[in-house]
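Good morning, colleagues. Please turn to the sequence and the structure as they come up on the screen.

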Amino acid sequence: MKLQWKLLCGLLLLMVIALVGCSDGASNESRNDGVITLKVWDYLSPDSPSEKEQLELLRKYEESHPNIKFERTYFPFADLKTKLLQGIAGGELPDIVLIDNPDHQAFAAAGVFADITKEVEEWGEADQYFEGPRASTMLDGKYYGIPNNSNALALFYNKDMFKEAGITEPPKTWSKLEEAAKKLTTNDRKGLAIAATKSEEGTFQFLPFLWQAGADLDSFGSPEAISAMKFIQNMVKEGSISENIVNWNQQDVLVQFQTGKAAMMVNGPWQLPTLREESKDLNWDVTLMPEGKQSASILGGENWAISATTEHRQEAFNFITWSQQPDILGPMHELGGRLPNREDVADDKRYEWNKDEQLQVFVQQIKTSKPRAYGTKYPEISTAVQEAIQRSITGEDVEKIMRESAEKIEPLLP
């Protein structure tokens with residue numbers, strides 16, 4: 001009996017342990033059940049206003065949606081596209097991507113992004129977006145994302161340096177820009193800084209000059225296109241622009257301007273918060289891009305997309321549409337120095353872009369800004385443009401470069 005009793009007690013003890021184990025397991029499962037981690041990839045530079053907006057946006061959503069957690073990963077601008085292509089090949093994509101709008105169609109065609117037409121149509125707010133940004137999220141009449149923000153390039157200038165050089169107003173034409181850049185150049189300062197790195201940022205900064213010259217990507221070997229590239233090359237040869245721009249992205253250009261090593265720079269509205277917070281002693285302003293044969297700037301901005309492989313499609317879509325609510329989007333874009341591409345938010349008089357004279361320059365600039373709507377092979381086209389820019393700045397013959405580049409670009413155009 002004693003042996004039987006001991007066996008019975010042992011069995012009971014094992015049952016209790018098992019029950020406790022099951023209970024703990026069920027408890028852990030219960031705690032984890034319903035908490036979904038959404039992976040987000042973007043290229044928003046560390047410590048930039050746009051990154052601050054992104055982090056605050058994710059934090060606010062987690063705060064109001066305790067069942068959602070984010071795992072955000074930053075990639076340098078040029079690396080994100082490579083990671084996405086590697087991800088689709090290896091089956092390791094995030095749930096959500098913040099993508100540069102000219103790349104959207106190409107990645108949709110490559111199968112990276114999910115077709116969310118049904119969700120967008122049920123949401124019913126797509127018609128609130130400006131036509132250009134909305135079109136950038138579409139391919140063959142289907143939605144593969146939602147626009148998030150728009151921007152354009154304009155000309156920043158140091159007012160004190162202008163005064164010292166005897167320049168009474170910002171340049172409105174190419175000839176005045178070149179003249180001002182010469183006057184403003186000293187032994188330790190360049191007149192103008194632009195980004196010409198071998199990435200989309202380089203293309204982004206060159207295309208306005210191409211359009212201002214009266215050319216486009218389908219006329220890259222034309223006299224007008226050649227004149228645009230020569231305009232940049234000549235200022236490098238004259239010393240008004242540093243030859244180091246081949247290594248500079250737009251953040252590097254900002255640093256040149258902040259530190260007084262450049263009297264003017266071409267840059268976007270996302271730099272306004274940084275200048276105001278970090279360079280309070282700098283006396284600067286912003287004006288429309290100078291005209292060549294015509295006025296032009298470039299439409300920039302990012303779109304949200306959901307990966308084709310996500311297991312959390314609805315949760316990802318819920319977050320994206322939450323981020324687009326006017327009362328969320330407006331304050332967040334103010335924080336990030338961005339401009340909205342929803343008409344109702346853009347027209348809302350409560351927000352800074354309708355009160356701030358410098359932001360208004362960008363709002364006005366967007367009116368003559370062109371999108372990079374060149375079809376699914378645009379990334380390849382952009383690479384050809386980047387190579388042409390790099391070769392020109394290092395002193396090669398521009399006419400030869402542009403003709404050779406045109407031969408590469410023309411077969412890639414839609």
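What does the accessible surface of the protein chain come to, and what share of that surface belongs to carbon and sulfur atoms? The figure is about 18900 Å², and carbon and sulfur atoms account for 50% of it. I should state at once that we are looking at a predicted model, and that every value I quote is computed from it.

Let me turn to the chain as a whole. Its C-alpha trace spans about 110 × 50 × 40 Å along the principal axes. The secondary structure consists of 18 helices and 13 strands. Of the 414 residues, 53% are buried. If we take the contacts between residues at least 6 apart in sequence, 76% of them join residues at least 24 apart.

As to charge, the protein chain carries 63 negative and 43 positive side chains. The centres of these two sets lie 3 Å apart.

I now come to one sheet. It is open and mixed in its pairing, with 5 strands in the order 2-1-3-12-6. At its edges are strand 2, residues 68-74, and strand 6, residues 146-147, each of which pairs on one side only. Strand 1, which covers residues 36-42, runs parallel to strand 2, and the two are joined over 7 bridges. Within this pairing, Lys39 has Glu71 of strand 2 as its bridge partner.

Helix 3, residues 77-90, packs on the sheet and touches both strand 1 and strand 3, the latter being residues 96-100. The directions of helix 3 and strand 3 make an angle of about 130 degrees.

Thank you for your attention.

Conventions: Residues are numbered from 1 along each chain as its sequence is written. This is a predicted model: local features need pLDDT of at least 70, side-chain atom pairs count only at pLDDT 80 or more; totals for chains, interfaces and linings use all residues. Side-chain values use heavy atoms; hydrogens and water are left out. Helices (H or I, at least four residues) and strands (E, at least two) are DSSP runs, numbered from the N terminus. Buried means under 20% relative accessible area, exposed over 50%, partly exposed in between (1.4 Å probe, protein chains only). Contact means heavy atoms within 4.5 Å. Accessible areas come from the Shrake-Rupley method with a 1.4 Å probe; for residues, only the protein chains shown count as cover. Lys and Arg count as positive and Asp and Glu as negative; His and the chain ends are not counted. The place of a charge is taken as NZ of Lys, CZ of Arg, CG of Asp or CD of Glu. Two strands pair if DSSP finds at least two bridges between them. Axes are lines fitted to C-alpha atoms, for helices over the stretch in contact, and angles run from 0 to 180 degrees between N-to-C directions.
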